Each structure stands twice: as structure tokens, then as C-alpha cells.
Amino acid sequence: MEVLREHGEEEEEEKQVFVISNELQDLEEKLSEIQVHIPNVVPEFDWSSIDTSQLPASYKTNSAKEQMLLQLADNFHRQYAHLCPDRQPLFLHPLNECGVEKFVSTTVRPTLQPYPELYNWDGCAQFVSDYLTMEPLSSPITPPSYLPSPTTILKYQRGNCFGFSVLLCSLLIGAGYDAYCVNGYATREICMMDETREVCPLLEKSKEVLKEPVKEKIKKYAVKPPRDLRSKFELQQVAKKEADIEAAQKKKQKEEEEKVMEAEKPKPDPLYGLRVHAWVLVLSGKREVPESFFIDPFTAHSYSTTDDHFLGIESIWNHQNYWVNMQDCWNGCKDLTFDLGDPVRWEFMLLGTDKPLLLLPEEEEEELADEDLDDFDKEEEEKGFDMPASWVDPIQISRKEFETRCPQGKKVIQYKNAKLEKWAPYLNNNGLVQRLTVYEDPESHTYKTMEPETERTMEFYSETRVDGLQKRVENAKEMTEYFEGRSDFLHYRHTMFGKRTKRAQKLLVNTESNARPILQIKEQFHRNPEKPADEDVAERIFMILEERIMLTYHCKDDYITASKKEFIKRKDVDNKGNKIIMTSDMCISYRVGSFVKNKKLLHLYEMMLKLMEAEKQSRHLVWESETEVLEILKIREEEAAASKLTVSMYDTERNEKSKQQRETMERLMQEERQRQVEQDLDYLAPFLIQMGSTEKMSKWQALRLKEDCLNDFKHRLIDKANLIQARFEKETQELQKKQQWYQQNQLSMTLEDEDAYLTYCSDAMFCIRILEIRLNRHKEMAPQKYIELEEKLCKDPRLAEYLKCNV
């Protein structure tokens, strides 16, 4: 019997080992199914790929009334196409973000926002212009085939002109304006949001009111002025001459302005009059609007209804009806009448009680008042089809979104010779929210960094400086300095530099030995009247590498050439230690208009020594100039860094320092609690509680307890792998969004933005790589941990006597 019992126990142990091996294989197979992929470059934004799973049912289906409206729209379009075969198809029911046809009037969702800035039309227009990113139409001559809802456009902060217009119209109608979306034609500059030929609004000069001069009253007893004894004829001739000069100057200025205007005139547009655009029409009447006007949603600018930028209108609509323009647009929008109650000029689709009334003369109004009221009541009974309610959710703009405004908190607008940058409040540490950069001409749109030894120009007040420096122009290879009012008559110094050695580049201390190597120094001097012209130096060149010094003197009167001298420097001692004596070939001179022999060698030797000392002094002055540039740049950086915006400690959303400290403390406390729980954790406790009494445990119960514990541990290992994968996917999605933002804004980004983007991509890729390594390591360590837990269970005193595992 004991032998049979031993054989039975061996079979159970073999069966247990087989089950464990199957569990390990199952665990390894499930972990191997979890894969990670490093993200690649994301393509351009695709509206068809947006997540629509969380949208309401009204976005995905049409109600019975909406389906009837679509049938009415199709019938209306067939009649329109039959009566007007030469007109373009109407923009009636494009697809929304869910691929469902929706009538354009039901896409307008009037909503009043709780912000005072959005109570007026200019605030609404500016918000839409700042908040959204412009997308051009896929085809410039046809309306789009899709029109997302205003809520989706706000969520993704982008849209074409039709999306801009629907959102702006919804806000304006909610604020009480009589606003309409317009489908028409405009110029290329309006359609492409090209403001490079427009003057920045911040630079427009206010029109000054000219005051008429007040005539002084003639006093009765005033002293008479002395008689003017000048010749009237001479005065007339002088005035005539001044008038001719002034007329010539005005004519020249006018010609120059015409040349500039002709040069700045845009090139002919082959699609002129065919470019489709959408904008907003605000009619007079409501909100005390005195005169109807247009609003371009891209730029938030208002225009007169007769402006030349708008070339025609096909149709308009609001949340209640749809009107087709039946007027001729051969002269653009200048001759259009916006009386929507006139059925001859505007064909409406729905006959409702809310349509505008035709403006009638006073005589016809009196005749209409005398008509029988019974006919009027019959007309009231014959009600038309009412527009269904909007399928769009109410437009909600949070306080954070309203304050952030621009996409990613920043927006850049290029104007004529100017660039306007806008930032969200609290985005910059120094509190900067707007910066206007004005350029001298269109070709000078360059960016200058604060790095030393790069291209820059510094201008100084020469009267306040000892050296009389007026301007310093510098780049990587040369530096030019201009002087004024110096006693030595120096007015120009030009220095050429060579490449810095690698050892010098590594040194941080700016010493004269560590400065850039100087190749040549050229100095120019004004005329010193106390010296003869042929002894007064006009230009002095120190050719340091060639060890030569060239002098050019001022020209003497009645001469067109100047005297020159060239000194060739040599060492004072040769290789044998012998002292070198000044020779005639060390100085080459040319003197104009004089047959006097050259000066003695001693005099030339003394002159060369003075020039060598002057060269040493000039090199030192150049090093001082470089040091001054570095000090100025350092001061500028300190000034820029010193102005930091102070955020209240009670502003928990923006005070990053306190927010990070709070999050760090919470994370440390959570980690400490988790560590304590893990230390006190009894891995068998939950299963022992389920089993109940453990005083009399059978071998089968012990095996079952072990199996349940191992299965639970296996599931926790798989859950941890899934958690790491979820974090990996989240980091990947954020990187893809950042890459997509970079592709959309890379043309208008500065070097700081590009550096920040590259830094973010580097950090994100590092995090993604770490998560990938952690997941792979978890896959490798999970089977080992599983085996270690099995060994712990076999050694556990509560199960050891029942299991008797061969460890």
C-alpha cells in the first residue's frame, strides 16, 4: 500500500509540473502578443480620421423632419438648376464629420457665451480669427463637400472659410446680431488670408482733425507795422521758384509712390472672380447696427458691402432660412441690395413667418393697411415648413480655452513690412502677450540671434563715449567700427578674423590669448589740416599674417594719386642670434610730386617701430571691442531673464512651481504607501479567507490554493504589461500630435520654437524608448518571477507539508 501511495504522489507531482509548464507557456504567449511600434512621421491632418464615437446621436442620424428638409432642398435645387442652368450648384447639404448630410442652416447653432468680450461683433470675430487655424479649400473654385459642426471645429481648432463663417455666425446670432453666412466669390488675398500687402492695424495713423486758424482781431489803437521796402517782383520770383521746386518734389515723390505701388501690386490672378469664399453678412437694425457690412472670419476685419475684395454672392443662410441671390454680380457686390424680403432679388427656400418683410413705400403701406383682415388671417393659417432645430450641441468655450486663444498659445501674422506675434496670457515667463516687429523693407525679414560672433549691428551715442564709437557691424568673419569726433581723426576700423582653434573654442574665459585670430586690420583717418597731405595718413592696413604694414596718405592739392609706403616686418634677431639691421628693401615707398630722396634708414626704422606698437595697440582695441560685445549681450540676456511674470500662489492652474511640488509630494506619499503595502502583503491571505478554516487542509485544497495564487499572479503580470503598453501608446499619440502641429506651423516658426520642438521630440523619444525597454524587460522577467513565486509557495510553512515540491 505504501508503494502504491508513493507512486500516486509521484504521478500527482508530475501532473502538477505539467500544469505549471502549461501556465508558463500560456503566460509567455499572451505577453508576446503585446507589441510596440516606434511612431513615424504623421501625415497632414485628415478630417475623416477624427474620433466620432463620443458624438451625440444627432450628429450621426437625421430626424424625420430633417429628412423632409433634405427632400425639400433637393426639390428646390432641381427647380433652381432648371431655371438658372448657367449658375453654379448651390451649397445646401454637405456632409458633416460623421459622413451624414446636414442642411447648412441647421449647422448654425446660436449660442451666447458668458464672456463680455464676446458680446460685440468685433470681439467675436477676433476670437474666431485667433482661435482657429486656417485651412484652404481643397478646390479654390468649388465649395467643400464637407462641413463639420462648430463644436468639432472648436475642438480641433482648425477649419476652412465655411467652418470659420458658421462658427462666427453662431456666436453673432447668439449675441443678438442679424448675421448670415455668405457663399460667394472673393479676391485671392482674401481667400488665402494674405495680409502681406496690408498695413498692420497697430501702425495705422489716426486721422488728425485740422483746426482752422483763428483770425486775430485788429486792434483800433495798435501800432502800425513798418513799411515793407522789399521788391514785390523779387518776392514773386522767389515764391515762384519755391513753388516750382515744391511742385517738382511732389511730382518726384508721386512718381516714386506710383513705382512702389506698381512693384507691390499683386500678380494677375488667373482665377479672378472664380475663387470661392465664405464670410459673414451683418444686416442693419438689430443691436443698433446703422449700416450693413461684411466680416472676413479669417482676419476679423470689417468691410463695406461695396468693397472691391468681394466679387459676388451665390447664397446666404442663417439658422432659420436659406436665400439665393438673383441679382447680377457683374460689378461685384457694389450694386447688390440686401432686402431679403424682396422675392425678385432674393429667392428664399422656406416660407415662414419669420422671413424679413419687403420694404414698401409709404403709399403701398397705407393701401395694405386698408385691406380686409380676413385675407390676412387666411395667410396666417397657411403656415410653411419651419426650419428644424440645429443638430449641433450648444457651443461651449471654457475659461482656459478662451484665455489661451491661439493654437498652442501662439499666432504669427505677416503684414506689410511688419510681423505681429500674439501669445496667450501666462504663456511666456516675462508676461509678453503681443510683439510687433517693423522692418525697413520687404527683403529685410531676417532673424538675428543673441549668440556671440554672429551677424548684428549695434548703434551707440558717440557723444557719450570716450572712443567716439558710433556704430559697430559684426559677423562671424569680420567686424567694422565707425567713429566720430576723435582727436586722432580715426573714423573707420575694419577687422578680419580667422577660424578659432578647437582648443580655444573649448575655453570659456574670454582672454586676449583666447580671442579670435586677427588676419588684418584696416584703419582710415580724416584729414589733419596741421600736417602736409603727403605726411598725413589716410589709410593704415596691418596685414598680420603676411607681416606687412601698408600706409596710404591723403592726396595733395591738384593731384589725383596719393603717396604710399609699405613696411615688411622682420624679427629683431635671426636664427644665429645676430641683430637684424634695417635695410632698404624693408620699406617700399612712393611719393607724389617730389624728387627728394627717401628718408634715412634710421628714420624709417623708428617709423616701423612706432607702427608695430600701433599694431599691437589696435589688436588690443579689437579684443576690447569683442569683450564689450559679449558684455552687452550678457546684460541683454540678464535683462530679458529678469522680467518674469509673477503668478499668484492661489492660482493652482498656472503656478507651476507649487503645482509640481504638490504633485511630487503626492507621488512620494503614494509610493511610500504602496511600498508599505507590498511589505505587509501576504500573498496567500485573500485565498485563505475564501477557503475558510485552514486547520484541516487536504492536499487537494493545498494544490488548489497554489494554483489560484499562481493564476492571480499571472493575470497581474499581464495587466502590468498592458499598463506599460497603454502609457507607451499615450506618449506615442502625444508625439504624433506634436509632429502634426510642427508640420502645420513650420513655415512661421522661430528658431526658439524649432529648438523647443526638437527638445520635446528628443525627450518624447527617450521616454518611448524607456517604455519599450521596460516592456521587453517585463516580458523577459515575468516567467522568472512566476517560477520564484512557485518556489515561495512550495517553501511556505502552511503548504510545504502538503506540496513537497522538488525545488
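**Exercise 1. A surface patch.** In which loop is Leu203 found?

*Solution.* Before starting, note that this is a predicted model, where local features need pLDDT of at least 70, side-chain atom pairs count only at pLDDT 80 or more, and totals for chains, interfaces and linings use all residues. Residues are numbered from 1 along each chain as its sequence is written, and side-chain values use heavy atoms, with hydrogens and water left out.

- Step 1: Find the flanking elements. Leu203 sits in the loop between α8 (188-191) and α9 (232-264). Helices (H or I, at least four residues) and strands (E, at least two) are DSSP runs, numbered from the N terminus.
- Step 2: Check the exposure. Leu203 has 34% relative accessibility, so it counts as partly exposed. The scale runs like this: buried is under 20% relative accessible area, exposed is over 50%, and partly exposed is in between (1.4 Å probe, protein chains only).
- Step 3: Look for partners. Val199, Leu203 and Val438 make a nonpolar surface patch of about 230 Å². Patch members have over 30% relative accessible area and no salt bridge; like charges are joined within 9 Å, and nonpolar side chains (Val, Leu, Ile, Met, Phe, Trp, Tyr) within 5 Å. The areas come from the Shrake-Rupley method with a 1.4 Å probe, and for residues only the protein chains shown count as cover.

**Exercise 2. A helix from end to end.** Describe α7, including its cap and what follows.

*Solution.*

- Step 1: Take the span. Helix α7 covers residues 161-174, which is 14 residues, and reaches 20 Å from its first C-alpha to its last, close to the 20 Å expected. The expected span is 1.5 Å times one less than the number of residues.
- Step 2: Ask how enclosed α7 is. Since 13 of its 14 residues are buried, α7 is largely enclosed by the rest of the structure.
- Step 3: Look at the N-terminal end. Asn160 caps α7 there, with a side-chain oxygen 3.1 Å from the backbone nitrogen of Phe162.
- Step 4: Move just past α7. Gly176 takes a positive phi of about 100 degrees.

**Exercise 3. Positive phi without glycine.** Where do Gln157 and Arg405 lie?

*Solution.*

- Step 1: Gln157 is in the loop between α6 (150-156) and β2 (158-159), and its phi is near 55 degrees, a positive value in a residue other than glycine.
- Step 2: Arg405 is in the loop between α12 (399-404) and β10 (410-415). Its phi is positive too, at about 60 degrees, although Arg405 is not a glycine.

**Exercise 4. Salt bridges.** How many salt bridges does the structure hold? Work through two of them.

*Solution.*

- Step 1: Count. There are 32 salt bridges, each a side-chain nitrogen of Lys or Arg within 4 Å of a carboxyl oxygen of Asp or Glu.
- Step 2: Take Lys422 and Asp130, whose side chains meet at 3.3 Å, N to O. Lys422 lies in strand β11 (residues 418-423) and Asp130 in helix α5 (residues 121-131), so this pair ties together parts 292 residues apart in sequence. Both residues are buried.
- Step 3: Now Glu481 and Arg493, with their closest N and O atoms 3.2 Å apart. Glu481 is in strand β15 (residues 478-483) and Arg493 in strand β16 (residues 490-497), so the bridge ties together parts 12 residues apart in sequence. Glu481 counts as buried at 1% relative accessibility, and Arg493 does at 3%.
- Step 4: Widen the view. A network of salt bridges links Arg465, Asp467, Arg472, Glu481, Arg493, Glu523, Arg540 and Glu628.
- Step 5: Stay in β16, where His494 lies. The side chains of His494 and Glu478 are joined by a polar contact of 2.8 Å.

**Exercise 5. Aromatic rings.** What geometry does the pair Phe294 and Phe338 have?

*Solution.*

- Step 1: The whole structure has 19 aromatic pairs. Rings of Phe, Tyr and Trp (its six-membered ring) pair if their centres lie within 6.5 Å; planes under 30 degrees apart count as stacked, over 60 as edge-to-face and the rest as tilted.
- Step 2: The ring centres of Phe294 and Phe338 are 5.9 Å apart with planes at 85 degrees, so the pair is edge-to-face.
- Step 3: Both Phe294 and Phe338 are buried.
- Step 4: Ring pairs link Trp279, Phe294, Tyr303, Phe310, Phe338 and Trp346 into a cluster.

Key. A polar contact is a pair of N or O atoms within 3.5 Å; within protein, one must be able to donate a hydrogen and the other to accept it, and residues adjacent in sequence count only if both atoms are side-chain atoms.
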